[in-house]
Amino acid sequence: MHLPAHVAAYVRRLDRYPAYVYDLRGLSAHAAAIRAALGPVELFYAAKANPDPEILRTLEPHVDGLEVSSGGELAHVRETLPNVRLAYGGPGKSDDEIALAMRLAVERIHVESPNEPARLAELASGRPVDVLLRANLAIALPGAALTMSGPFGMDEDTLDACAHEIARTPGIRLRGVHAHLASGLDAPTMLDLAGQVTDWALPWLAARGVRRPEVNVGGGMAVDYRSPEARFDWTAYGRGLPRDGTVRLRIEPGRAVTAYHGWYVTDVLDVKTTHGETYAILRGGTHHLRTPVTKGHDQPFAVPASSGPPAGRATLVGQLCTPKDVFARHVTVPALRPGDVVAFGMAGAYAWNISHHDFLMHPKPTFHHLR
Ligand SMILES: Cc1ncc(COP(=O)(O)O)c(C=O)c1O
């Protein structure tokens, strides 16, 4: 894959591997373009994709707020960005987390169960709480990489019961609906999804007396690891979303915001052939970059020092004692030797922060932020 010149220049100066290199300059331009494409639609970044403080600070000028899904994320984001608007959700909220959300002035709570309003009211001790109800609507989503079936949100019957409960609970104010139903969807499918959610939500909210309704249609914008240069079509998406003022629309993407601007850079320790397969064994492993294992893809990469033609095929693995420690299987590579540097791209989301860092106790990567 293509390695931008300023990232390549920095990678050449690294003297220790593995290293995570975050291209904050590229991220800032990317986030600004997303912001511009969305017009009046609110953009909340899903911190779970990558909560690195420098990444959060880089995104802050371009987003309307952040979505957090745990007390840990809440405390971290509030400390990093003291004034940012926050939405807090998650299928299992502890009393401590709810109390923290109250203390740290979360703007919207995403209610995921009919049992939550009473607990929110009790822990809010008289403070008003503004909520969106997370809807788990039965919408068919062909082509989704992941659908959020299971314990997330409520189906239509339970939503009715929950709204009824809220109407009887002083201090809890129903503001709208939240629906994060799937991930890995292209812009036309995302628009179709947003249309189906708002078509259902607006009359439903109107019938419950909600004025200036809010609908958060979630994240899940596609990132195609097989086509590292492809991007979700934010322009078409922004143009297609309702802008007529009948609804305060919000989205909360994570992966499609930060995936492209992180690189996991490491060096080759050994190259060998066993049972007919050539392996390049790299320093570190998928305990630092778990993304290809969880998503089942070959992590795209560049070999910065190579200018020669492809030399053959190899499987790029790490140092872990498990056959699952594979970055990319049977991929075309230039001639690789010990000491050569390999830079895995698309490592800016669900990469370091979802990885099992302590397995086998290898040294941790160093972290670099390019401004
Ligand atoms: C509630 C919620 N919102 C937003 C996101 C972000 O999704 P993505 O990173 O695919 O855009 C997730 C991811 O799981 C989520 O669970």
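1. A convenient place to enter this predicted model is Leu360, which sits in the loop between S17 and strand S18 (366–370). Its phi is near 75°, a positive value in a residue other than glycine, and Leu360 counts as partly exposed because 14 C-beta neighbours lie inside 10 Å. As background to this point and the next, most residues other than glycine have a negative phi, and most peptide bonds are trans.

2. Two other backbone features deserve a careful look. Ser125, which is found in the loop between helix H6 (116–124) and strand S6 (129–134), likewise has a positive phi, near 40°, without being a glycine; Ser125 counts as exposed, since 9 C-beta neighbours are inside 10 Å. The peptide bond that leads from Tyr17 to Pro18 is cis, with omega near -5°, and Pro18 belongs to the loop that runs between helix H1 (5–13) and strand S1 (19–23).

3. For the overall layout, the domain assignment of the chain gives domain 1 as residues 85–253 and domain 2 as residues 260–370. Between the C-alpha centres of domain 1 and domain 2 there is a separation of 36 Å.

4. Strand S17, which precedes the loop of Leu360, is paired with two other strands. Strand S12 (residues 262–274) is joined to S17 (residues 341–344) by four bridges, and the two run antiparallel; within this pairing, Tyr264 has Phe344 as its bridge partner in S17. Strand S14 (residues 301–302) is joined to S17 by two bridges, again in an antiparallel arrangement, and here Ala302 is matched with Ala343 of S17.

5. Strand S2 (residues 42–46) is mostly covered, with four of its five residues buried. Two bridges connect S2 with strand S11 (residues 248–251), and these strands run parallel; Leu43 stands opposite Ile251 in S11. Three bridges connect S2 with strand S3 (residues 65–68), also in parallel, and in that pairing Ala46 stands opposite Glu67 of S3.

6. Ala46 appears again in the surroundings of the ligand, where Ala46, Ser183, Gly219, Gly254 and Arg255 come nearest among the 16 residues around the ligand. Sorted by class, the shell around the ligand consists of five nonpolar, seven polar and four charged residues.

7. Helix H8 (residues 187–207) offers a simple check on geometry: at 1.5 Å a residue, its 21 residues should span 30 Å, and because its end C-alpha atoms are 30 Å apart, the expectation and the model agree. The buried residues of H8 are Met190, Leu191, Leu193, Ala194, Val197, Thr198, Ala201 and Leu205, and these buried residues pack against strand S8 (172–178), strand S10 (214–216) and helix H9 (234–240). After H8 comes Gly209, whose phi is positive, near 75°.

8. Which residues does Phe232 touch, not counting residues up to four places away in sequence? The contacts of Phe232 are Ala187, Met221, Ala222 and Ala256. Phe232 itself lies in the loop between S10 and H9, and it counts as buried because 22 other C-beta atoms are within 10 Å. By contrast with these contacts, Phe232 and Met102, which are 130 residues apart in sequence, are 35 Å apart in space from C-alpha to C-alpha.

9. Is Thr258 buried or exposed? Thr258, which is found in helix H10 (residues 255–258), is buried, because 31 other C-beta atoms lie within 10 Å. Leaving aside residues up to four places away in sequence, Thr258 touches Leu27, Ala49, Asn50, Ile55, Gly348 and Ala349. For one of these, Leu27, the C-alpha atom is separated from that of Thr258 by 6.8 Å, although the two residues are 231 residues apart along the chain.

Definitions and conventions: Residues numbered from 1 in each chain as written. Predicted model: local features only at pLDDT ≥ 70, side-chain atom pairs only at ≥ 80, totals over all residues. Domains from an automatic or database assignment. Expected span 1.5 Å × (residues − 1). Buried ≥ 20, exposed ≤ 12 C-beta atoms within 10 Å, placed from the backbone. Contact = placed C-beta atoms within 7 Å. Near = placed C-beta within 6 Å. Nonpolar A, V, L, I, M, F, W, Y, C, P; charged D, E, K, R; others polar. Pairing = 2+ DSSP bridges.
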